[in-house]
Amino acid sequence: MSSAAMTLEHPDEVVTQAHVRYAQLPGVSGPVALITLDNGQDHTRPSTFGPGGLRSLLTAVEEIEAHDPPVAAVAVTGKPFIFCAGADLSYRSSLTDPAEVRPKLTALGELGHTALRRVGEGRLGDRRVPTFALVNGATMGGGLELALHCDYRAISAGAAPIALPEVFLGLVPAWGGTQLLPSLVGPENAVTIMIDNALSQNRTLRGPKAFALGLGDVLLDAADFLEEALHWVGQVLRGEVDPAKGRRPVERGAAWAAALERGRVLADARLHGAAPAAYRALELMALAETADADTGYAAETAALADLGSSEELVAGLYSFDLVNRRAKRPVGGPDRSLARAVTKVGVVGAGLMASQLGLLFAQRLEVPVVLTDLDQARLDAGVAHVHSEIDNLLLRGRISHDRANRLKASVTGSLTKDAFADADLIIEAVFEDMSVKKAVLAELESVVKPETLLLTNTSALSVTEMAADLTHPERVAGLHFFNPVAVLPLVEVVRTPRTDDAAIATTLQVAKQLKKNAVLVADAPAFVVNRLLTRFMGEVLAATETGTPIEQADGALDPLGLPMSPLVLLSLVGPPVALHVARTLHQAMPDRFRTPDGLARVVAAGKSSFYTAGPGGEQIVDPEVADLVRSMDDGTAPTAREGAAMTPEQVREAALSALAQEIRLLLDEGVVAEAADVDLCMILGAGWPFHLGGITPYLDRTGISERVTGRRFNPPGVATVA
């Protein structure tokens, strides 16, 4: 059976129907056929294309082709807030027989090309009509490819997210995207959309930015989008507007080659060759410069079959499922009905972290937020920082003047904690010292209501010990954010043995309102992310202290395709913060967490990074840091410890073996419910790449988990082809 003739079934598909209605526009001979994509669900279940959805598109075109009178044009739009979120990824997950994966993905690729081309090319029997994509909302992957197939595109200013996320998942846009995008927006912008954004933790676009990059011919207000879009369609059909005149010319030759080279540099910097999708996408974009459509689309289908059969894609889908399902419903949480309302928030501290928290709570909860600190100058600086960030949001067009004024009015400061008397939630973000934090909580307890939730943002200290002397320790929990607060999506919700269900339910509810993904963790030193990163980095630092060149030790993990190397990440976290966590863990578990002597010397010297700028602006190892990390405590010269240098392979093996051991202990201690929660923490809190499928499946696939711990973390088949 040929792939084109193969029957594709997906029993669990929520089929996106292509509903057709007809609109008569003033001055246009013949009606406009308007296809609306709708899976019958609300906006929380975006419309996607599986086999059934693609066949519905073809059926819609057949209906339009038979319509009397003949239509003047075809336009496609989506249900409220959603244009189309692309391919139904669950179709790949439903293919459990390895022998059927390649032929069925080939057939799906061909069906997708056929359906999207039939709509976009507007071929109705022996005539052709103009086609329009009216992008009213979220437009991802195959949804954006459908829009690219059309002749013209109107974009709503409120449409978001807009993206081609395939490379992020381990795929390529395989329904025309790699061929159509560079010829529309130019190769440089195509690399930004398809490669750079995808490899930047799946960065997406909003309507105005998508329009600026050339994805749309007109940008229309969201309030009356469909009405205005159809009015614009009429203008085009009557010849009053020529959208093509506003498009930037696309340069080929040297400009095309330069753009692809930029894409390769980006892929190398972020993946180090560890995952094939980005490189395959660049090959397809290179083909698009000269190839005809049939050749380019056939190459896309071949790439879909190859990548869809790979470990990276299966691992990427596992990661995607974690982030989009498990992260939305934290495992182990109490009944959500126990959560209490939060109508006012207090933040203890007015430093950078406290200010970030104050802004986030004000934005997301839309309640009064009060900051407090020890003196007026620091307090004023903290409140001013929040107000400045609100002004930045206004300048970037992210909020209105009215909303900016309301947010500013909601964030105030007080030198006394009496201002917290009627607060429902208070979070402390003061110096990471147990005695300081205990004193803060004790003072808070003396002024707040009995049911006020007390949260700590500690990164490593014991929340249990922090609350031990309180009258009501049951209302204390940890809510550990990662820096920068506005960017990183993970929060660790820390439950002590004495924290009650109402406190945890409220904390989880607040995390959801803050639009953060929460993982419930037990109170253990450094919880999950910092504990694993510190163990991981400890092996890299140990190698540098015993003679391994810094750049060699730091680059040892490059074959994994991590978003940044361990010591670059350490610089981002901040050496003083990393040192505090390392010392806390060494004190708690000295048998596994080394004394961070080299890091301590770096911090004492005031160094903020292991790297500095070279003569040409390039990143080089700071020679002073190299001396500091390898010096003996007694001042012996660095050369005294040379001879114990490790190869990159040895450093990588040591770091991954340490991770496997620590994860097994963490799971045995019950810090999280399952290995999947460890994976979720590392993906969302440490940027662990999607293509690895989390840390535990990677350790299983490579055999490290069994070699180090005697058993796998997951059953065979989890995030792996085999």
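# Notebook: burial, charge pairs and backbone oddities

I started with alanine 526, which is buried at 0% relative accessibility. The model is a predicted one, and I kept that in mind throughout. I placed alanine 526 in the loop between strand E19 (517–522) and helix H20 (529–545). Its phi is near 65 degrees, a positive value in a residue other than glycine.

I then turned to phenylalanine 81, where phi is near 75 degrees, again positive in a residue other than glycine. Phenylalanine 81 sits in the loop between E3 and strand E4 (82–84). Is phenylalanine 81 buried or exposed? I found phenylalanine 81 exposed, at 59% relative accessibility.

**Cis peptides**

I looked up the bond between aspartate 68 and proline 69 and noted a cis peptide with omega of about 10 degrees. Proline 69 belongs to the loop between H1 and strand E3 (73–78). I noted another cis peptide bond between asparagine 483 and proline 484, with omega of about 5 degrees. Proline 484 is in the loop between strand E17 (476–481) and strand E18 (490–495).

**Salt bridges**

How many salt bridges does the structure hold? I recorded 40. Side chains of opposite charge can pair when their charged atoms come close. I went through some of the pairs one at a time.

Arginine 280 pairs with aspartate 306, and their closest N and O atoms are 2.8 Å apart. This salt bridge ties together distant parts of the chain, with arginine 280 in helix H11 (residues 277–288) and aspartate 306 in helix H12 (residues 293–308), 26 residues apart. I checked the cover on each partner. Arginine 280 is partly exposed at 22% relative accessibility, and aspartate 306 is partly exposed at 30%.

Next I took arginine 326 and glutamate 674, a salt bridge whose closest N and O atoms are 2.8 Å apart. The two residues are 348 apart along the chain and link distant parts of it: arginine 326 lies in the loop between helix H13 (311–324) and strand E12 (345–348), and glutamate 674 in the loop between helix H26 (648–668) and helix H27 (675–686). Arginine 326 has a relative accessible area of 17% and is therefore buried, the cut-off for buried being under 20%. Glutamate 674 is partly exposed, at 41%.

I also looked at aspartate 622 and lysine 607, whose side chains form a salt bridge at 3.1 Å, N to O. This pair links distant parts of the chain 15 residues apart, with aspartate 622 in the loop between strand E21 (619–621) and helix H25 (623–630), and lysine 607 in the loop between helix H24 (597–604) and strand E20 (611–613). Both aspartate 622 and lysine 607 are buried.

Which residues are joined into one network by salt bridges that share partners? I listed Arg531, Arg535, Asp591, Arg592, Glu662 and Glu669.

**Surface charge**

I found a patch of positive charge on the surface made by Arg206, Arg364, Arg396, Arg398 and Lys515. From this patch I picked arginine 396, which is in the loop between helix H15 (376–395) and helix H16 (401–410). Arginine 396 is exposed, with a relative accessible area of 54%.

For negative charge I noted a surface patch of Asp221, Asp224, Glu227 and Glu228. Glutamate 228 is in helix H9 (residues 225–237), and I logged it as partly exposed, at 35% relative accessible area.

**Cysteines**

I searched for disulfides and found zero. Why is there no bond at cysteine 150? The closest cysteine sulfur, in cysteine 84, is 12 Å from the sulfur of cysteine 150, which is too far for a bond. A disulfide would need the two sulfur atoms within 2.5 Å. Cysteine 150 is buried, with a relative accessible area of 4%. I also looked up cysteine 681, which is buried at 0%.

**Glycine 40**

My last entry is glycine 40, in the loop between strand E2 (32–38) and helix H1 (51–65). Glycine 40 is exposed, at 66% relative accessibility. I checked the C-alpha separation from glycine 40 to leucine 181, which lies 141 residues away along the chain, and got 30 Å.

Note on methods: Residues numbered from 1 in each chain as written. Predicted model: local features only at pLDDT ≥ 70, side-chain atom pairs only at ≥ 80, totals over all residues. Heavy atoms only, no water. Patch = residues over 30% accessible without salt bridge, like charges linked within 9 Å, V, L, I, M, F, W, Y side chains within 5 Å. Areas by Shrake-Rupley, 256 points an atom, 1.4 Å probe, with all protein chains shown as cover. Salt bridge = Lys/Arg side-chain N within 4 Å of Asp/Glu carboxyl O. Lys, Arg positive; Asp, Glu negative; His and termini not counted. Charge placed at Lys NZ, Arg CZ, Asp CG, Glu CD. Helix = DSSP H or I, 4+ residues; strand = E, 2+ residues; numbered from the N terminus. Buried < 20%, exposed > 50% of the residue type's maximum accessible area, 1.4 Å probe, protein only.
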